[in-house]
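Colleague: Could you take me through how the two chains of this model meet, one step at a time?

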Amino acid sequence: MEEGIITAIRVVPLDHYVLLSFLLFSIGAAGVVFRRNTIIILMCLELMFNSVNLLLTAFSAHHSDPRAQVFVFFIMLVAAAEVTVGLSILVMMKRNVDSVDVNQLNRLKG
Amino acid sequence: MLALFYLFAAISVISALIVVSARNPINSVIALIVCFLSIAGHYILLNAQFLAMVHVIVYTGAIMVLFLFVIMLLNLNKATEPMKSLGMRVAAITGGGLLFITLAAAIRHGVSIQSANPFDAGIGLVRSVGHVLFTEFLLPFEVSSVLFLSAIVGVVMLAKKEKHQPNASVEPLTEAERARRTA
Amino acid sequence: MTNDLLAALVPALPLLGAIILASLRRKLSANVAGGLATAMIAGAFVCSILLFQSFDAATGGRTVKLLDWISIGSMEIPLALRIDALSLTMMLIVTGIGSLIHLYSIGYMHEDERAPTFFAQLNLFSFAMLMLVMGSNFLITFIGWEGVGLCSYLLIGFWYKTPEYNYAARKAFVMNRIGDVGMVLAMVLLFQRFGTLEYATIMNVASGVNDPLMIAATLFLFIGATGKSAQLPLFTWLPDAMAGPTPVSALIHAATMVTAGIFLTVRSSVLFELAPFTQDIILWIGTATALIAASIGLLQNDIKKVLAYSTVSQLGYMFVALGLGSYSAAMFHVTTHAFFKALLFLGAGSVIHALGGEQDIRKMGGLKGHIKITFFTFFIGTIAIAGLPLMSGFFSKDLIMAFAFQRSPVLFALLLIGALMTTFYMFRLLFLVFYGKYRGNAHPHESPLTMTIPLMVLAVLSVVGGLLNLPHLFGGHEAMKHFLETAAEGIRFESLELSHATEWILMGITTTLVCVMIYIAYGRFAQKATLEGREADMPFFKRLIAQRWRFDELYRALFEKPYGWLSTNLFSIAEQKVMVPIMNGVGEAANSLGNAVRRVQTGNASFHLLAMLGGLIVFLIITLMSN
Amino acid sequence: MIAALLLLIPFLTALVLVSLRPAQARPIALVSSLASLAVVLYAWISYSGGTVIHYNLNWVDAWGLRFVVGYDGVGLLMVILTAVVFPFIIGAGYGQQHDRQATFNGLLLFTQAFLFLVFLAQNALLFYIGYELTLIPVFFLLLFWGGADRRAITVRFFIYTLVGGLSLLFGIVYLLIQSGGNGDFTALTNLSIPASTQVWLFWALFLAFAIKLPIFPFHSWQPETYYMAPLQGTMVLGAVMLKMGLYGVYKLVFPIVPAGVEHWQTTVIVLALIGAVYGGVIAFRQSDFKRLVAFSSMSHVGVLCAGLFAWNAYGISGSFYQAFAHAILVLGMLYIVGAMQERTGTTDMSAMGGLKGHAPRLAALFLLVLVNAVALPLTQSFVGEWLMFAGLWQVSGWLTFFALTTIVIGAIYMLYGYQRVMLGPDRTNVTLADASVRDHIYLVPLIAVTLILGVYPGPILELLDAPVQQLLSSLSVN
């Protein structure tokens, strides 16, 4: 049983996971820049978080270290908190400028 | 197993692309849920059972529902979003591509990722993760509750309607101004 | 041991007096303050006499160390006093004449509400002057040197409400300071060369050294001396210094402080002997000063200004003596000059006092009936300075002139001209003040006893002062010269090698011409009282002299005006137009850099996100490259 | 213990003052500064030569930043100076009516704590941290309590000083790299840096001090800042802050880049002396009393710096001795400025004149301060100047002559200033108060210090002698 799991994990090389998570991360990053809708930007952020989670988990499995998975757990915690705050800011934004377009948020000018 | 990996990988990449490209936010949310589920599949492939469960519950169950909820609440479920300028779109795609190429180059040349530890199948189980979590990372675990508390307070503060003190610095935009900025 | 204590007491007493008076100056009356000040300086005089009596000239001198002063590394400069023939002579002059002048001041200043301050400053001056003459090294002398400068500044500007007086005081201080630059340079040079500033050590080591540096050192010392002793080109402060109360003029600007330069030269005579070049310069500057100052004296109308130029001129004579290497003659003249010039100034003060503050001799005349004691003593002073036979000035001045003849008859002739001018202007002063009819409108009255007693004492001294150094010609044995020689180790003062016949002839010529001069002056001023008209009406050369050779104007145009101009323009142009803009440029640069960079902050969130992504990529590439 | 007390007493008091804002802020600050003074005097009495290290702790190892505090004779002199000066500065403020007393005095005490850190630090980075930290409280002092145009002038001052600080940081970082990350002065002293490097490294290190002192082309921030700053701020700047520059040269430049010093020695002396003459000449015609003091300070500092760069025993010890004298002098002059401002309501000398009639005691006190300013013998300044001139002479006779012109220039502007304030006909037409008991309490001790150290400079010269000799002998070995 155990041997089976180990071989099952080892069948997929670590490289593949790394590349996959890089790809997801890049898609997320591109999306953040690509879109104007703030809610989609937030979703892209989640995507990037998850790519990192995937990477950590893959390493954890291949390196046999449970601590990385604990980190993933913490990242999920933080992501949850972040999403709530982010969405409430979104609500504020919608209420104040009646839009969720990031281009409306250009008051940060120096 | 490898085939399963490629299947999940394909699903996650395609759904991720849909997230980025869908015009309707609802579609994006659905695609993202699909993407997250496929990632949960990856977790199972990696024998990280605990994470897979938590992932589905937290992300798909809580976070994405929250997204949907907000979209509904704010009535955003229309494809009204104007596109960014062409330059910005090209820059975004190029930037994303470049990032991927650079990262990929990093593991192709030089950065070693191979493990030295012997394989242990049990690390993804609830027992081993829980053991580490409640011994080594007990303090951060407790402290994270403070994080949540502050997040709750922050959210309440932000989402509360300000009745008596309209924010002077963020005055409502005139129609002309919005049109100008949108253009 | 007791002698050490006495030596320390000499400067300490006036210092103590100065401190007490300065701190209690509001509470003391003028007379009490004057009495205290006089007692202090008189105490110092008594101590000096006791020291003098117990002093054995054969031992050469002693150093009394009071305190370590500046000692660091290899530099050891103690606060120490030197007791030898030279310092004793000067101590006696300073404290003796100082006591008389303090006494005189009680009467002179009794109406001034700031009299206690005056006496405090006078005592402080005495302290400084005593430090100057008693110091065992150059730096202690310099303490006194600067100290007398400060007191001189304070006393000249004593009546501080008049801007001209303040100007005169500042001028005196600054000109002295210019001399001090030379003095400090000399000190650092000597310290570098000898590793010490002690007179005794330097003189021991220096005798016989042949070093071109000595020319520089002595020249620097001489620059210091010209400042303090009012020689060309730094003499213009002294006549202006007459702004101070008359006792100050008598004490500081006639009898003591201005002789500091001569004292210093005598003190370092060993060094000067090593630098004949400097001696020649001293000689000619002394001669020029003597003549120029005497000529100015001829046409002055202010009683104190005449005496002031006379002082400058006499100091010139002393420097001539120094230049000739006859240090004892210089010191002899210092002594006799202290007697009769103090007498003359005090007499002038008495006249001014009698006339309620009038100083213009055109408004005097016929005073000999009103103020008899003053007239009589002033008369003695006048014949003493003119050098009538057997007066003190006769011996001392003739000694210098004899030395001059020994060097060159031309020099003798020049000095003779100076002496004749001296006679002329002094008798002009005497006759215009005391003879003829009174031309003013005050009510002359004789001065109180505190003022006349010093006059009488000084008159006696002016007559008999010559006995101190009676030449062989008159049966003496040059006592002062032999006494002073003990102070300067390693050298013997130059002695006169003229035959007695020559000396008699020189004396005869001088005396005859002086008498002729007195006769001319009598004719012009006693019988008719010829007064000078307005300067504008005078012929050019006479006007030039009456305007003091226009030295003041020259200095004003050459130094004061350009300096003021420089000060104003350095600030308004160099500082405000160049320096400040440069500094602002630094700020502007930061500002414009900020402005340039600010453009990046478009405020567009997408742009920032893109920039972040770009930065990330660049960072990754760099990391990759460096691996 | 001593070092800890010195750093903590002012710092904690300042924290209390700034955070709690007690009503009795000044007395508390005064007591705190007097306590520091007592500690310093104890340190002085128990000092028996050599370099005393109180703490030697690791802080941030990777940067070579270690908490090494202690002092040698020169450092102790600077610590004494800081401790002596601050009670006076805080106390002198009794005449000045400021709002927000607690913050004001708190900032003063912060400055004192940081100054102690600078003078106690035996690690280059620690020194640098203290050096820059002092700027912060001073910045607020100037910004909140300054006179007209204070924003622009303060910002200029700040930027200008920071530019110097940046170059200093660059130099220190370079040194750290060379020494393999050990920033202790002892380690830096033992570096052997090639002479060609030292030639430029000298300026990297010296520029900050040149601006701080300031010497000639870098001085322009000074007169305006002195003029604009509140009186006590000017006192801090003039009496102690600029001494950091002097101390920095002694600690960071002389032992570490000796070849650079040798290369630039004449240049620096010439610049310093140009500044001395320039400042002195300008001071003559200044119509404002405070500006006069500013330019006179610049002139004095020029000579100080020239003496320091004479780079021999007499020059360096004379310079530090004079640094002490100059601090006392600046305090005295500025106190007089304050006293006059209090009475006449202005610092413009054209509005003064003939005040001696009203205030003879004040005039006398002024005169006694002035005597120190023109360096008459038996005052402290004279000892310092004499040593500096003796030192300069060993470098060059001409430069000595040049330096000596400042004694004439100094006499010119000082006496002219005195005359314009005190002498002449009375022009104010109002009766002014004479020196009060308070004025005597502050000025008489200053004058006493001046005179005592002028007659008996031994105790301080003793402090200076050994470290300076050691510095010079270590240089000659290398």
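Colleague: Which residues are exposed on the other side of α1(B), away from its buried residues?

Modeller: This is a predicted model, and in it the buried residues of α1(B) are B:F8, B:A9, B:S12, B:S15, B:A16, B:V19 and B:V20. Seen down the axis of α1(B), these buried residues fall within an arc of 145°, so they line one face of the helix. On the other side of α1(B), the exposed residues are B:A3, B:L7 and B:A10.

Colleague: What covers the buried residues of α1(B)?

Modeller: The cover comes from both chains, since chain B contributes to it as well as chain A. It includes α2 (25-45) of chain B, together with two helices of chain A, α2 and α3.

Colleague: Are α2(A) and α1(B) roughly parallel or roughly antiparallel to each other?

Modeller: The two helices pack with their axes 9 Å apart, at an angle of about 5°. Angles under 35 degrees count as roughly parallel. The helices α2(A) and α1(B) are therefore roughly parallel.

Colleague: How many charged residues does the contact of α2(A) with α1(B) have?

Modeller: From α2(A), the residues that meet α1(B) include A:L20, A:L23, A:L24 and A:I27, and those they meet in α1(B) include B:V13, B:A16 and B:L17. By class, this contact has 13 nonpolar and 3 polar residues, and the number of charged residues is none.

Colleague: Which helix gives the most to the side of chain A that touches chain B?

Modeller: The contact as a whole takes 69 residues from chain A and 78 residues from chain B. On the chain A side, α1 (2-11), α2 (14-34), α3 (38-63) and α4 (66-97) each supply at least two residues. The helix that gives the most, with 23 residues, is α4(A).

Notes:
Residues are numbered from 1 along each chain as its sequence is written. Chains are lettered from A and ligands numbered from 1 in the order in which they are written. This is a predicted model: local features need pLDDT of at least 70, side-chain atom pairs count only at pLDDT 80 or more; totals for chains, interfaces and linings use all residues. Two residues are in contact if their C-beta atoms, placed from the backbone, lie within 7 Å. Helices (H or I, at least four residues) and strands (E, at least two) are DSSP runs, numbered from the N terminus. A residue is buried if 20 or more other C-beta atoms lie within 10 Å of its own, exposed if 12 or fewer, and partly exposed in between; C-beta atoms are placed from the backbone. The arc is that of the directions from the helix axis to the C-beta atoms. Axes are lines fitted to C-alpha atoms, for helices over the stretch in contact, and angles run from 0 to 180 degrees between N-to-C directions. Angles under 35 degrees count as roughly parallel, over 145 as roughly antiparallel, 65 to 115 as roughly perpendicular and the rest as oblique. Ala, Val, Leu, Ile, Met, Phe, Trp, Tyr, Cys and Pro count as nonpolar, Asp, Glu, Lys and Arg as charged, and the others, Gly among them, as polar.
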